[in-house]
Amino acid sequence: VEDEARLWPPPVGAYAEERGLFQLLQTMLEELLIHKPDDPIEFMINHLKRNNDDAPRICILGPPASGKTTVAMWLCKHFDAIRISQETLLFKETLALTEEAKAYKEKDQKIPNALWANLIQERLSNVDCIKQGWILEGFPENQEQAWMLQSFGIFPRHVVMLYASDTVLIERNSGKRVDPLTQEVYHTTFHWPSDPLVQQRLVEPDLAEQEVSKKLLEYHRNFPEVFQIYQKVLKSVNADQPSVDVLSQVLAYVQTRPRSAAPFTPRILFCGPPGSGKSLQAALIAQKYSVVNLCCGQLLKEAVADNTKLGELIKPYIDNGSPVPDNLVLKLLAERLGSLECLTHGWVLSGFPRHLEQAEQLHKSQINPNRYERNLTITTLHI
């Protein structure tokens, strides 16, 4: 896709990038390779009709008592997504394999990985999960489950790995309480409900300290292999902090867009006070990524030196040491940024805008950067 995009006229590439066409094409190609439909054209038409490329596909993983259920339920409320967990698959669903899985549970036997994977695949293929997206809680538990999910074409966009020390987790488990009506998880110390009726009906989960230790040991044994599979889409979040902080960090991550291989033309704007190093950083970025380096002050001097029409209008202001009017600066920038070199390779601009009014004028002139860096000694913002 990227090689072909280089052959297109620059305005076509800019149009496709602005409207997300490259990303859409990449997503459809991925879906085609995963599902291998007999009729690719019909498959792509149906994919476009679904309009669900932004629906969440999230896995929440972590050891026992790390807060997976709390995080998963909160995300489901926030995104209006479907929560999938062991508890929902076994006791809230009527899937084809539910009874078979329950039989293992009733005999106190471990449910096979293949059976779990098939249950998940069946549930995620339902219309509500396709349309609204899904939050997969506690799955996959091991490498085999992860591989089976991948073989079914189930690829999460974001994987959150909660972590805390075993001592903290064992202590947390002792204060854990569950609402039998909503399955929401509370804690006697960290997260106690304010409603007295909810308080009265809370029950203590049947999981002794010895059982928790056993589950922790199994988790630590399987964790490295699962981490390896999902490392490119995985973020670890410390669960040993207030739940508000955990949830805010998780939400910030799952709202980011995964890194894309779709073609991208950099349009970078560097801002900052005098002496903050924006010109140097812009030059380094331009050298590293082979984009056009544009310093507003240098552009003005070059226009005067080249005796262009704009340069003749700018020269009196430069000679007098007075600010060049914004309308002249914007005309110069629009001319330079609209050149074939800038449209093809991208650009990094420093020295303009210097205040809000100039930024608004830049926007009105259809000069829209897709990366913004603000140099304040150590502060860097990305938008």
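This is a short viewer tour of one helix pair, two cis peptide bonds and two residues with positive phi.

The model is predicted: local features need pLDDT of at least 70, side-chain atom pairs count only at pLDDT 80 or more, and totals for chains, interfaces and linings use all residues. Numbering starts from 1 along each chain as its sequence is written, and side-chain values use heavy atoms, with hydrogens and water left out.

**Stop 1: Asn-113**

Select Asn-113. It sits in helix H8, residues 113-124. Helices (H or I, at least four residues) and strands (E, at least two) are DSSP runs, numbered from the N terminus. Asn-113 counts as buried because its relative accessibility is 13%. Buried means under 20% relative accessible area, exposed over 50%, partly exposed in between (1.4 Å probe, protein chains only).

Now show Glu-144 and Gln-145. The Asn-113 side chain makes a polar contact of 2.7 Å with that of Glu-144, and another of 3.0 Å with that of Gln-145. A polar contact is a pair of N or O atoms within 3.5 Å; within protein, one must be able to donate a hydrogen and the other to accept it, and residues adjacent in sequence count only if both atoms are side-chain atoms. Setting aside neighbours within four places in sequence, Asn-113 is in contact (heavy atoms within 4.5 Å) with Asn-142, Glu-144, Gln-145 and Met-148.

**Stop 2: H8 against H10**

Select H8 and helix H10, residues 143-151. They pack at about 40°, with axes 9 Å apart. Axes are lines fitted to C-alpha atoms, for helices over the stretch in contact, and angles run from 0 to 180 degrees between N-to-C directions. H8 is therefore oblique to H10. Angles under 35 degrees count as roughly parallel, over 145 as roughly antiparallel, 65 to 115 as roughly perpendicular and the rest as oblique. H8 contributes Asn-113, Ala-114, Trp-116, Ala-117 and Ile-120 to the contact; H10 contributes Glu-144, Gln-145, Met-148 and Leu-149.

**Stop 3: two cis bonds**

Go to Phe-139 and Pro-140. A cis peptide bond joins them, omega about -5°. Pro-140 is in the loop between strand E3 (134-137) and H10.

Next, Phe-352 and Pro-353. Their peptide bond is also cis, omega about 0°. Pro-353 is in the loop between strand E10 (347-350) and helix H20 (356-364).

**Stop 4: positive phi**

Select Ala-65, in the loop between strand E1 (57-61) and helix H5 (68-79). Its phi is near 70°, positive in a non-glycine residue. Ala-65 is buried, at 15% relative accessibility.

Finish at Asp-80, in the loop between H5 and strand E2 (82-84). Phi of Asp-80 is near 55°. Asp-80 is exposed, at 52%.
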